[in-house]
Amino acid sequence: MVAAPGFKVGILGAGQLGRMLAQAGRPLGVNCKFWSDREESCCAGLGEIVASRYEDELLARRFGSGLDVVTFEFENIPAETLRTLSEHARTAPPPLALEVSQDRLKEKELFRSLGMQTAPFVAVSDLPSAHAAANALGFPLILKTRRLGYDGKGQALVNSSSEIETAMATLGGVDLIAEGFVRFSREISMLAARNGTGKIAFYDPVLNLHAGGILRCSIAPAPQISAEQLSALRENTVRLLNALNYIGVIAIEFFEVGGGYLANEFAPRVHNSGHWTIDGAKTSQFETHLRAILGQPFAPTTTLGRNAMLNLIGALPAPDFSAGQSVYLHLYGKTPRPGRKVGHINIRAPQYSDLSMKVQELCTVPGVSDASAEIESFCARYLA
Ligand code: AMP
(Lines give C-alpha, C1' and ligand atoms only; values in the text may rest on other atoms or scores of the structure.)
Protein backbone atom coordinates (compact mmCIF):
# COMPACT_ATOMS: atom_id res chain seq x y z
CA MET A 1 0.00 0.00 0.00
CA VAL A 2 2.85 2.27 0.85
CA ALA A 3 4.13 1.86 -2.70
CA ALA A 4 0.78 2.32 -4.42
CA PRO A 5 -0.41 5.90 -4.02
CA GLY A 6 -3.13 7.52 -6.06
CA PHE A 7 -6.12 5.37 -5.10
CA LYS A 8 -9.46 7.11 -5.27
CA VAL A 9 -12.16 6.10 -2.82
CA GLY A 10 -15.75 7.32 -2.81
CA ILE A 11 -17.48 7.49 0.56
CA LEU A 12 -21.21 7.84 1.16
CA GLY A 13 -21.52 9.95 4.27
CA ALA A 14 -19.21 12.70 5.48
CA GLY A 15 -19.38 12.40 9.25
CA GLN A 16 -16.64 11.53 11.68
CA LEU A 17 -16.20 8.04 10.26
CA GLY A 18 -15.60 9.50 6.79
CA ARG A 19 -13.21 11.98 8.33
CA MET A 20 -11.18 9.28 10.05
CA LEU A 21 -11.16 7.11 6.90
CA ALA A 22 -9.79 10.03 4.89
CA GLN A 23 -7.24 10.84 7.60
CA ALA A 24 -6.04 7.24 7.57
CA GLY A 25 -5.87 7.25 3.78
CA ARG A 26 -3.91 10.48 3.37
CA PRO A 27 -0.45 9.25 4.34
CA LEU A 28 -1.03 6.24 2.10
CA GLY A 29 -1.83 8.36 -0.94
CA VAL A 30 -5.56 7.57 -0.91
CA ASN A 31 -7.81 10.40 -2.12
CA CYS A 32 -11.39 10.50 -0.93
CA LYS A 33 -14.53 11.94 -2.49
CA PHE A 34 -17.63 12.23 -0.30
CA TRP A 35 -21.34 12.15 -1.01
CA SER A 36 -23.19 13.91 1.76
CA ASP A 37 -26.82 14.91 2.20
CA ARG A 38 -26.01 17.37 5.00
CA GLU A 39 -24.82 20.94 5.02
CA GLU A 40 -22.49 20.40 7.93
CA SER A 41 -19.73 17.89 7.33
CA CYS A 42 -16.73 16.61 9.26
CA CYS A 43 -14.74 16.17 6.07
CA ALA A 44 -14.02 19.71 4.91
CA GLY A 45 -10.51 19.89 3.47
CA LEU A 46 -10.23 16.11 3.22
CA GLY A 47 -11.55 15.69 -0.32
CA GLU A 48 -14.27 16.79 -2.72
CA ILE A 49 -17.74 16.80 -1.18
CA VAL A 50 -20.73 16.28 -3.46
CA ALA A 51 -23.93 17.40 -1.76
CA SER A 52 -27.16 15.68 -2.68
CA ARG A 53 -29.92 13.51 -1.29
CA TYR A 54 -29.05 9.82 -1.14
CA GLU A 55 -32.12 9.15 -3.30
CA ASP A 56 -30.46 11.00 -6.22
CA GLU A 57 -30.46 8.24 -8.85
CA LEU A 58 -28.53 10.22 -11.42
CA LEU A 59 -25.73 10.80 -8.95
CA ALA A 60 -25.81 7.11 -8.00
CA ARG A 61 -24.99 6.30 -11.61
CA ARG A 62 -22.25 8.91 -11.89
CA PHE A 63 -20.63 9.12 -8.47
CA GLY A 64 -18.30 6.12 -8.91
CA SER A 65 -16.85 7.31 -12.19
CA GLY A 66 -13.05 7.51 -11.94
CA LEU A 67 -13.03 5.97 -8.45
CA ASP A 68 -11.33 2.69 -7.56
CA VAL A 69 -14.05 1.75 -5.10
CA VAL A 70 -17.07 3.24 -3.35
CA THR A 71 -17.80 2.54 0.30
CA PHE A 72 -20.12 3.99 2.96
CA GLU A 73 -19.76 5.22 6.51
CA PHE A 74 -23.47 5.73 7.17
CA GLU A 75 -26.04 2.96 7.27
CA ASN A 76 -29.21 4.82 6.55
CA ILE A 77 -28.56 5.29 2.87
CA PRO A 78 -31.14 3.65 0.62
CA ALA A 79 -29.99 0.14 -0.31
CA GLU A 80 -31.22 0.88 -3.85
CA THR A 81 -28.69 3.70 -4.16
CA LEU A 82 -25.90 1.30 -3.30
CA ARG A 83 -27.30 -1.25 -5.75
CA THR A 84 -27.30 1.36 -8.53
CA LEU A 85 -23.80 2.49 -7.59
CA SER A 86 -22.62 -1.13 -7.69
CA GLU A 87 -23.83 -1.44 -11.29
CA HIS A 88 -21.53 1.40 -12.28
CA ALA A 89 -18.56 1.08 -9.93
CA ARG A 90 -16.93 -1.35 -7.54
CA THR A 91 -18.62 -1.07 -4.14
CA ALA A 92 -17.65 -2.58 -0.80
CA PRO A 93 -19.07 -3.80 1.53
CA PRO A 94 -21.70 -5.50 -0.69
CA PRO A 95 -25.23 -4.04 -0.94
CA LEU A 96 -26.66 -7.20 0.67
CA ALA A 97 -24.76 -6.47 3.90
CA LEU A 98 -26.26 -2.98 4.01
CA GLU A 99 -29.76 -4.26 3.28
CA VAL A 100 -29.66 -6.88 6.01
CA SER A 101 -28.21 -4.50 8.59
CA GLN A 102 -30.98 -1.99 7.88
CA ASP A 103 -33.68 -4.41 9.00
CA ARG A 104 -33.41 -5.82 12.51
CA LEU A 105 -35.69 -8.73 11.60
CA LYS A 106 -33.67 -9.80 8.53
CA GLU A 107 -30.50 -9.34 10.56
CA LYS A 108 -31.64 -11.62 13.39
CA GLU A 109 -33.02 -14.15 10.90
CA LEU A 110 -29.66 -14.25 9.17
CA PHE A 111 -27.84 -14.74 12.50
CA ARG A 112 -30.20 -17.56 13.34
CA SER A 113 -29.84 -19.22 9.93
CA LEU A 114 -26.07 -19.22 10.43
CA GLY A 115 -26.38 -20.94 13.81
CA MET A 116 -25.52 -17.76 15.73
CA GLN A 117 -27.45 -17.44 19.00
CA THR A 118 -29.68 -14.37 19.45
CA ALA A 119 -32.20 -13.03 21.96
CA PRO A 120 -35.58 -14.65 21.31
CA PHE A 121 -37.47 -12.48 18.80
CA VAL A 122 -40.80 -12.26 17.00
CA ALA A 123 -41.92 -9.98 14.14
CA VAL A 124 -44.66 -7.51 15.08
CA SER A 125 -46.85 -5.70 12.58
CA ASP A 126 -49.95 -4.76 14.56
CA LEU A 127 -51.49 -4.87 18.03
CA PRO A 128 -52.67 -8.53 17.90
CA SER A 129 -49.22 -9.69 16.75
CA ALA A 130 -47.63 -7.63 19.56
CA HIS A 131 -49.81 -9.41 22.13
CA ALA A 132 -48.98 -12.75 20.52
CA ALA A 133 -45.27 -11.85 20.74
CA ALA A 134 -45.68 -10.98 24.41
CA ASN A 135 -47.32 -14.36 25.04
CA ALA A 136 -44.40 -16.07 23.37
CA LEU A 137 -41.60 -13.99 24.95
CA GLY A 138 -43.00 -12.95 28.33
CA PHE A 139 -42.16 -9.66 30.10
CA PRO A 140 -40.13 -7.55 30.09
CA LEU A 141 -39.62 -7.35 26.37
CA ILE A 142 -38.15 -4.76 24.05
CA LEU A 143 -40.04 -3.46 21.05
CA LYS A 144 -37.74 -2.07 18.35
CA THR A 145 -38.48 -0.51 15.00
CA ARG A 146 -37.22 -2.84 12.28
CA ARG A 147 -35.60 0.04 10.43
CA LEU A 148 -33.78 3.30 11.21
CA GLY A 149 -32.89 2.58 14.81
CA TYR A 150 -29.58 3.76 16.24
CA ASP A 151 -28.04 4.84 19.54
CA GLY A 152 -30.96 3.35 21.45
CA LYS A 153 -33.53 5.30 19.39
CA GLY A 154 -36.57 3.48 18.05
CA GLN A 155 -36.98 1.14 20.98
CA ALA A 156 -39.20 0.79 24.02
CA LEU A 157 -39.06 -1.43 27.07
CA VAL A 158 -42.42 -3.04 27.76
CA ASN A 159 -43.16 -4.44 31.21
CA SER A 160 -46.79 -5.53 30.87
CA SER A 161 -49.63 -5.98 28.34
CA SER A 162 -51.09 -2.64 29.36
CA GLU A 163 -47.95 -0.87 28.09
CA ILE A 164 -47.96 -2.44 24.63
CA GLU A 165 -50.31 -0.06 22.88
CA THR A 166 -48.57 3.10 24.14
CA ALA A 167 -45.15 1.68 23.26
CA MET A 168 -46.33 0.91 19.74
CA ALA A 169 -47.73 4.39 19.33
CA THR A 170 -44.45 5.91 20.55
CA LEU A 171 -42.59 3.88 17.95
CA GLY A 172 -44.75 5.33 15.20
CA GLY A 173 -46.94 2.45 14.06
CA VAL A 174 -44.25 0.96 11.81
CA ASP A 175 -43.09 -2.65 11.46
CA LEU A 176 -41.42 -3.81 14.64
CA ILE A 177 -39.49 -6.64 16.17
CA ALA A 178 -40.15 -7.80 19.73
CA GLU A 179 -37.17 -9.17 21.61
CA GLY A 180 -37.00 -10.98 24.89
CA PHE A 181 -35.16 -8.85 27.46
CA VAL A 182 -31.69 -10.31 27.91
CA ARG A 183 -30.01 -10.03 31.31
CA PHE A 184 -26.55 -9.96 29.81
CA SER A 185 -23.43 -9.55 31.89
CA ARG A 186 -21.49 -7.50 29.35
CA GLU A 187 -21.61 -6.09 25.83
CA ILE A 188 -18.75 -7.18 23.59
CA SER A 189 -18.07 -6.13 20.02
CA MET A 190 -15.95 -7.85 17.45
CA LEU A 191 -14.23 -5.85 14.75
CA ALA A 192 -12.86 -7.73 11.83
CA ALA A 193 -12.21 -7.27 8.14
CA ARG A 194 -12.46 -9.58 5.16
CA ASN A 195 -10.90 -8.95 1.77
CA GLY A 196 -11.72 -10.12 -1.74
CA THR A 197 -9.58 -13.25 -1.39
CA GLY A 198 -11.61 -14.30 1.68
CA LYS A 199 -8.81 -13.53 4.13
CA ILE A 200 -10.02 -12.30 7.51
CA ALA A 201 -8.17 -10.00 9.93
CA PHE A 202 -9.43 -9.74 13.52
CA TYR A 203 -9.05 -7.14 16.19
CA ASP A 204 -9.18 -8.17 19.82
CA PRO A 205 -12.71 -8.26 21.28
CA VAL A 206 -13.87 -4.96 22.77
CA LEU A 207 -15.83 -4.44 26.00
CA ASN A 208 -18.41 -1.65 25.69
CA LEU A 209 -20.33 0.48 28.15
CA HIS A 210 -23.56 2.11 26.95
CA ALA A 211 -25.53 4.66 28.94
CA GLY A 212 -28.78 6.16 27.70
CA GLY A 213 -28.43 3.97 24.58
CA ILE A 214 -25.15 5.64 23.53
CA LEU A 215 -21.68 4.11 23.63
CA ARG A 216 -19.69 5.87 26.36
CA CYS A 217 -16.57 3.81 26.84
CA SER A 218 -14.79 0.90 25.15
CA ILE A 219 -11.98 -1.23 26.56
CA ALA A 220 -9.66 -3.29 24.37
CA PRO A 221 -8.71 -6.02 24.60
CA ALA A 222 -11.88 -6.90 26.52
CA PRO A 223 -10.67 -8.26 29.87
CA GLN A 224 -11.66 -11.70 31.13
CA ILE A 225 -12.22 -13.45 27.81
CA SER A 226 -11.21 -17.11 27.80
CA ALA A 227 -9.68 -18.89 24.82
CA GLU A 228 -13.03 -20.69 24.27
CA GLN A 229 -14.93 -17.41 24.32
CA LEU A 230 -12.50 -15.85 21.87
CA SER A 231 -12.87 -18.73 19.48
CA ALA A 232 -16.69 -18.58 19.76
CA LEU A 233 -16.63 -14.86 18.94
CA ARG A 234 -14.31 -15.42 15.99
CA GLU A 235 -16.30 -18.38 14.71
CA ASN A 236 -19.48 -16.28 14.71
CA THR A 237 -17.67 -13.46 12.93
CA VAL A 238 -16.29 -15.75 10.24
CA ARG A 239 -19.72 -17.23 9.57
CA LEU A 240 -21.30 -13.85 9.06
CA LEU A 241 -18.46 -12.43 6.94
CA ASN A 242 -18.41 -15.46 4.65
CA ALA A 243 -22.20 -15.67 4.35
CA LEU A 244 -22.30 -12.05 3.18
CA ASN A 245 -19.25 -12.47 0.92
CA TYR A 246 -18.17 -9.40 2.80
CA ILE A 247 -15.39 -6.99 1.94
CA GLY A 248 -14.28 -4.32 4.43
CA VAL A 249 -14.46 -3.81 8.19
CA ILE A 250 -17.48 -5.09 10.08
CA ALA A 251 -18.50 -4.64 13.72
CA ILE A 252 -20.71 -7.21 15.42
CA GLU A 253 -22.25 -6.51 18.81
CA PHE A 254 -22.79 -9.40 21.19
CA PHE A 255 -24.41 -9.80 24.59
CA GLU A 256 -22.39 -12.02 26.93
CA VAL A 257 -24.68 -14.37 28.83
CA GLY A 258 -23.38 -17.16 31.08
CA GLY A 259 -20.05 -17.16 29.24
CA GLY A 260 -21.69 -17.51 25.80
CA TYR A 261 -22.69 -14.91 23.22
CA LEU A 262 -25.92 -13.71 21.66
CA ALA A 263 -25.47 -11.70 18.46
CA ASN A 264 -27.40 -8.44 18.74
CA GLU A 265 -26.57 -6.51 15.60
CA PHE A 266 -23.86 -5.72 13.10
CA ALA A 267 -22.67 -2.55 11.43
CA PRO A 268 -21.33 -2.98 7.88
CA ARG A 269 -18.73 -0.27 8.35
CA VAL A 270 -16.03 1.07 10.60
CA HIS A 271 -17.46 1.45 14.09
CA ASN A 272 -17.31 3.63 17.18
CA SER A 273 -16.15 0.69 19.31
CA GLY A 274 -13.09 0.46 17.04
CA HIS A 275 -11.90 4.05 17.48
CA TRP A 276 -9.27 2.91 20.00
CA THR A 277 -7.43 1.19 17.11
CA ILE A 278 -6.15 4.58 15.88
CA ASP A 279 -3.76 4.76 18.82
CA GLY A 280 -4.00 1.25 20.26
CA ALA A 281 -3.46 -1.15 17.36
CA LYS A 282 -0.64 -1.56 14.87
CA THR A 283 -3.07 -0.66 12.08
CA SER A 284 -6.28 1.26 12.68
CA GLN A 285 -9.72 -0.01 11.65
CA PHE A 286 -9.82 2.85 9.12
CA GLU A 287 -6.62 1.81 7.34
CA THR A 288 -7.68 -1.84 7.52
CA HIS A 289 -11.00 -0.96 5.86
CA LEU A 290 -9.22 0.92 3.07
CA ARG A 291 -6.82 -1.98 2.56
CA ALA A 292 -9.67 -4.48 2.35
CA ILE A 293 -11.78 -2.50 -0.11
CA LEU A 294 -8.77 -1.57 -2.27
CA GLY A 295 -7.61 -5.18 -2.50
CA GLN A 296 -4.37 -4.44 -0.66
CA PRO A 297 -2.76 -6.89 1.79
CA PHE A 298 -3.72 -6.51 5.43
CA ALA A 299 -1.19 -5.00 7.82
CA PRO A 300 -1.02 -6.35 11.41
CA THR A 301 -4.08 -5.57 13.55
CA THR A 302 -2.32 -6.48 16.81
CA THR A 303 -3.28 -4.51 19.92
CA LEU A 304 -0.65 -2.35 21.60
CA GLY A 305 -1.00 -2.46 25.39
CA ARG A 306 -4.36 -1.92 27.11
CA ASN A 307 -6.73 0.66 25.65
CA ALA A 308 -9.79 2.68 26.47
CA MET A 309 -11.89 5.00 24.35
CA LEU A 310 -14.10 7.67 25.88
CA ASN A 311 -16.72 9.25 23.66
CA LEU A 312 -17.13 13.01 23.97
CA ILE A 313 -20.87 13.53 23.83
CA GLY A 314 -22.62 16.88 23.66
CA ALA A 315 -19.65 18.87 25.00
CA LEU A 316 -15.98 19.49 24.39
CA PRO A 317 -13.28 19.41 27.04
CA ALA A 318 -12.25 22.85 28.31
CA PRO A 319 -9.93 24.71 25.87
CA ASP A 320 -6.97 24.33 28.25
CA PHE A 321 -7.36 20.53 28.20
CA SER A 322 -4.01 18.93 27.62
CA ALA A 323 -4.07 15.29 26.69
CA GLY A 324 -0.80 14.19 28.25
CA GLN A 325 1.21 11.06 27.69
CA SER A 326 -0.55 8.12 26.04
CA VAL A 327 -3.81 10.09 25.93
CA TYR A 328 -4.99 11.05 22.46
CA LEU A 329 -7.69 13.59 21.74
CA HIS A 330 -9.67 13.29 18.49
CA LEU A 331 -12.17 16.01 17.64
CA TYR A 332 -14.56 15.81 14.71
CA GLY A 333 -15.04 19.53 14.00
CA LYS A 334 -18.71 19.41 15.06
CA THR A 335 -20.71 21.96 16.98
CA PRO A 336 -21.64 20.41 20.34
CA ARG A 337 -25.34 19.64 20.81
CA PRO A 338 -26.94 17.41 23.44
CA GLY A 339 -26.40 13.73 22.64
CA ARG A 340 -24.09 14.46 19.71
CA LYS A 341 -20.76 12.64 19.39
CA VAL A 342 -18.21 15.42 18.93
CA GLY A 343 -14.97 13.54 19.51
CA HIS A 344 -13.29 10.83 21.49
CA ILE A 345 -10.27 10.30 23.69
CA ASN A 346 -8.07 7.24 23.36
CA ILE A 347 -6.05 6.16 26.36
CA ARG A 348 -3.30 3.58 26.38
CA ALA A 349 -1.58 1.98 29.36
CA PRO A 350 0.59 -1.06 29.98
CA GLN A 351 -1.86 -2.64 32.47
CA TYR A 352 -5.62 -2.50 33.11
CA SER A 353 -5.01 -1.01 36.58
CA ASP A 354 -3.11 1.99 35.11
CA LEU A 355 -5.72 2.30 32.42
CA SER A 356 -8.49 2.40 35.01
CA MET A 357 -6.74 5.20 36.93
CA LYS A 358 -6.18 7.27 33.79
CA VAL A 359 -9.77 6.85 32.62
CA GLN A 360 -11.19 7.85 35.99
CA GLU A 361 -8.86 10.83 36.16
CA LEU A 362 -10.02 11.97 32.72
CA CYS A 363 -13.65 11.65 33.73
CA THR A 364 -13.12 14.35 36.33
CA VAL A 365 -12.08 16.85 33.62
CA PRO A 366 -15.00 19.19 32.85
CA GLY A 367 -16.64 18.39 29.51
CA VAL A 368 -15.16 14.91 29.15
CA SER A 369 -18.11 12.79 30.20
CA ASP A 370 -21.57 13.15 31.67
CA ALA A 371 -21.55 9.45 32.46
CA SER A 372 -18.56 9.49 34.80
CA ALA A 373 -20.37 7.60 37.57
CA GLU A 374 -21.22 4.74 35.18
CA ILE A 375 -17.68 4.75 33.77
CA GLU A 376 -16.19 4.68 37.27
CA SER A 377 -18.15 1.61 38.29
CA PHE A 378 -17.46 -0.01 34.91
CA CYS A 379 -13.71 0.47 35.49
CA ALA A 380 -13.94 -0.77 39.07
CA ARG A 381 -15.74 -3.88 37.90
CA TYR A 382 -13.62 -4.90 34.95
CA LEU A 383 -10.24 -3.23 35.23
CA ALA A 384 -9.39 -3.70 38.90
P1 AMP B 1 -29.45 -1.84 19.86
O2 AMP B 1 -29.92 -0.64 19.14
O3 AMP B 1 -30.10 -3.11 19.45
O4 AMP B 1 -27.93 -1.95 19.85
O5 AMP B 1 -29.82 -1.60 21.39
C6 AMP B 1 -29.25 -0.53 22.14
C7 AMP B 1 -28.93 -1.04 23.56
O8 AMP B 1 -30.14 -1.50 24.19
C9 AMP B 1 -27.99 -2.26 23.56
O10 AMP B 1 -26.65 -1.85 23.50
C11 AMP B 1 -28.36 -2.90 24.88
O12 AMP B 1 -27.72 -2.23 25.95
C13 AMP B 1 -29.87 -2.67 24.98
N14 AMP B 1 -30.61 -3.82 24.41
C15 AMP B 1 -30.92 -4.02 23.12
N16 AMP B 1 -31.59 -5.17 22.93
C17 AMP B 1 -31.72 -5.74 24.14
C18 AMP B 1 -32.32 -6.95 24.62
N19 AMP B 1 -32.95 -7.80 23.81
N20 AMP B 1 -32.25 -7.20 25.95
C21 AMP B 1 -31.64 -6.32 26.80
N22 AMP B 1 -31.06 -5.17 26.42
C23 AMP B 1 -31.09 -4.86 25.11
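Helices here are DSSP runs of H or I with at least four residues, strands are runs of E with at least two, and both are numbered from the N terminus. This is a predicted model, where local features need pLDDT of at least 70, side-chain atom pairs count only at pLDDT 80 or more, and totals for chains, interfaces and linings use all residues. Residues are numbered from 1 along each chain as its sequence is written, and side-chain values use heavy atoms, with hydrogens and water left out.

**View 1. Strands and domains around the ligand.** β6 (141-145), β8 (176-180), β13 (248-257) and β14 (260-267) each give at least two residues to the shell around the ligand. A residue counts as near the ligand if one of its heavy atoms lies within 4 Å of it. There are 15 residues around the ligand, and Arg-104, Lys-144, Val-182, Glu-187 and Glu-265 come nearest. Sort the shell by class and you get 5 nonpolar, 4 polar and 6 charged residues. (Ala, Val, Leu, Ile, Met, Phe, Trp, Tyr, Cys and Pro count as nonpolar, Asp, Glu, Lys and Arg as charged, and the others, Gly among them, as polar.) Domain 2 (120-180) and domain 3 (186-382) each bring at least three residues to this shell; the domain bounds come from an automatic or database assignment.

**View 2. Atoms that pair up with the ligand.** Look for N or O atoms within 3.5 Å of each other, the cut-off for a polar contact with the ligand. An N or O atom in the side chain of Glu-265 sits 2.9 Å from a ligand oxygen atom, and a polar side-chain atom of Gln-155 is 3.0 Å from an oxygen atom of the ligand. Gly-180 uses a backbone N or O atom, 3.1 Å from a ligand nitrogen atom. On its own the ligand exposes 470 Å², and the protein buries 90% of that (areas by the Shrake-Rupley method with a 1.4 Å probe).

**View 3. Where domain 1 meets domain 3.** Here 21 residues of domain 1 (7-91) are in contact with 23 residues of domain 3, contact meaning heavy atoms within 4.5 Å. Their C-alpha centres lie 23 Å apart.

**View 4. Backbone oddities in loops.** Most peptide bonds are trans, and most residues other than glycine have a negative phi. The bond from Ala-92 to Pro-93 is cis, with omega near -5 degrees, and Pro-93 is in the loop between α3 (79-88) and α4 (95-101). Gln-224, not a glycine, has a positive phi of about 55 degrees.

Note on methods: Polar contact = N/O pair within 3.5 Å; in protein donor to acceptor, adjacent residues only side chain to side chain.
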